[in-house]
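Work through the exercises below with the sequence and the model in view. Each task is followed by a solution in steps.

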Amino acid sequence: MDKKDSRKKRGQLYALCILLIVVLTACSWQGADETGAVGKNASSVYETEQVSFSDSEEEFESEKTMPEETQTEALKDEITRSLSYVAYFREGEYAFFLEEAGENLDVTETELAETWETLLASARTFSGTETTETTEEENGVRVDVISVHGRYHIRSVFYYDGEGVLAEVDFSLEPLIVEPTETDDYIEIPITLGYDSEKQLNGMLTLPKDVENPPVAILIQGSGANGMDSPIGTNNNRVFADLAWGLAEQGIATIRYDKRSYSYPEDVTDIETEYLLDVADAVRFALSDSRVDGEQLYLIGHSQCWNVVASYRKRE
């Protein structure tokens, strides 16, 4: 059995289990707050702030991102250095990094190790994929290295002054960007939703093909900070993705989305802000979208989430 057939069988099995026995168990709220920043005035996770030089009161101010074709040799060198620094972190070579580049950084080897390893514990296994972004600053250059891991991206930001000296480094976790899938049986469409219009959650609408106005199920994750695919285990098995695909093959549409505790952990204070307000907006989306039949709407909770569904019904 090839990987495609195996994935299809797994998705159909999930779908059949849901259709026969919808297991909903209690959902306790817990906010997650992952931070990781090094240097003077370093920004917190998920927030973008101006960051100062470690040895100056001048501030970096973003001006524009450089297209690759206009990058100077000096900038290309800074990109190469930034990638090598991330490789040092990944190998645990913090002392080597500080010896080579950390002269102006107000951080110890222990602090750097704790910061990186805390982020890595949440991000999980490195996928091998990395991209870079470069931005001209008033007093130098910013290089972002975005490393794709199993459950988050790690964004490592390096600020270089006009002489090419590393002035500051900053780390943060960012939600994974899930690419939509299309097969002969279904198509996926990226969506955004959520109760806060300024802090929308990434989501996915999975539609079966050749089914007009299919019934729709909203998939709700269990406890903890989870992305829309609700990855589980050391291999980061994408349980909600498999479930969505299996249901689509049975003619049922689904809506899944990142939890607020995953995307905006600082906003989560109770079950309302972690679950109920966003569930209500997902229901609004399903009822108003002409591509699905809102009269046939189902809520499917995973793991400890049965009381989210019960609480939502009571609330409404």
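The exercises that follow deal with a predicted model.

**Exercise 1. The largest pocket**

Task: Find the volume of the largest pocket and describe its lining.

Solution.
Step 1. The volume of the largest pocket is about 390 Å³.
Step 2. Its lining is made of 22 residues, and those closest to the centre are Gly150, Leu176, Val178, Asp229 and Arg238.
Step 3. Sorted by character, the lining has eight nonpolar, nine polar and five charged residues.
Step 4. Strand 3 (126-137) supplies at least two residues of this lining, and so does strand 4 (140-149).

**Exercise 2. The surroundings of Thr206**

Task: Decide whether Thr206 is buried or exposed, and state which side chains make polar contacts with its side chain.

Solution.
Step 1. Locate the residue: Thr206 belongs to strand 8, residues 201-208.
Step 2. The relative accessible area of Thr206 is 0%, and buried means under 20%, so Thr206 is buried.
Step 3. One polar contact joins the side chain of Thr206 to the side chain of Glu188, at 2.8 Å.
Step 4. Another joins the side chain of Thr206 to the side chain of Arg256, at 3.2 Å.
Step 5. Leaving aside neighbours within four places in sequence, the residues in contact with Thr206 include Glu188 and Arg256 again, together with Tyr186, Ile187, Ala244 and Trp245.

**Exercise 3. The nonpolar cores**

Task: Name the residues with the most contacts inside the largest nonpolar core, and find which element gives the most to this core.

Solution.
Step 1. The largest nonpolar core holds 30 residues, and Tyr85, Phe89, Phe97, Leu112, Phe158 and Leu166 have the most contacts inside it.
Step 2. Two or more residues come from each of helix 2 (73-91), helix 3 (94-101), helix 4 (109-123), strand 4, strand 5 (152-161) and strand 6 (166-175).
Step 3. Helix 2 gives the most to this core, namely six residues.
Step 4. Take Phe158 as an example: beyond its neighbours within four places in sequence, its contacts include Tyr85, Phe89 and Leu166, as well as Ser82, Val86 and Val141.
Step 5. Another core, of 22 residues, lies apart from this one; Leu201, Val216, Leu276 and Ala282 are among its members.

**Exercise 4. The cavity**

Task: State how many cavities of 30 Å³ or more the whole structure has, and which residues line the largest cavity.

Solution.
Step 1. A search of the whole structure gives one cavity of 30 Å³ or more.
Step 2. The space in the largest cavity is about 30 Å³.
Step 3. Its lining consists of Ile220, Gln221, Tyr257, Lys259, Glu274, Tyr275 and Val279.
Step 4. These lining residues divide into four nonpolar, one polar and two charged.
Step 5. With three residues, helix 7 (residues 271-288) gives the most to the lining.

**Exercise 5. Positive phi values**

Task: For Arg124 and Ser230, give phi, the place in the chain and the exposure class.

Solution.
Step 1. Arg124 is not a glycine, yet its phi is positive, at about 70°.
Step 2. Arg124 sits in the loop between helix 4 and strand 3.
Step 3. The relative accessibility of Arg124 is 36%, so the residue counts as partly exposed.
Step 4. Ser230, also a residue other than glycine, has a positive phi near 50°.
Step 5. The loop between strand 9 (215-220) and strand 10 (231-232) contains Ser230.
Step 6. Ser230 has a relative accessible area of 3%, so this residue is buried.

Methods. Residues are numbered from 1 along each chain as its sequence is written. This is a predicted model: local features need pLDDT of at least 70, side-chain atom pairs count only at pLDDT 80 or more; totals for chains, interfaces and linings use all residues. Side-chain values use heavy atoms; hydrogens and water are left out. On a 1 Å grid over the protein atoms alone, a cavity is a set of points where a 1.4 Å probe fits but cannot get out, and a pocket is an open set with protein on both sides within 12 Å along at least five of seven lines; lining residues have an atom within 4 Å of a point. Grid points are joined across faces, edges and corners, and a volume is the space filled by probe spheres set on the points. Helices (H or I, at least four residues) and strands (E, at least two) are DSSP runs, numbered from the N terminus. Ala, Val, Leu, Ile, Met, Phe, Trp, Tyr, Cys and Pro count as nonpolar, Asp, Glu, Lys and Arg as charged, and the others, Gly among them, as polar. Buried means under 20% relative accessible area, exposed over 50%, partly exposed in between (1.4 Å probe, protein chains only). A polar contact is a pair of N or O atoms within 3.5 Å; within protein, one must be able to donate a hydrogen and the other to accept it, and residues adjacent in sequence count only if both atoms are side-chain atoms. Contact means heavy atoms within 4.5 Å. A nonpolar core is a set of buried Ala, Val, Leu, Ile, Met, Phe, Trp, Tyr and Cys residues joined through side-chain atoms within 4.5 Å.
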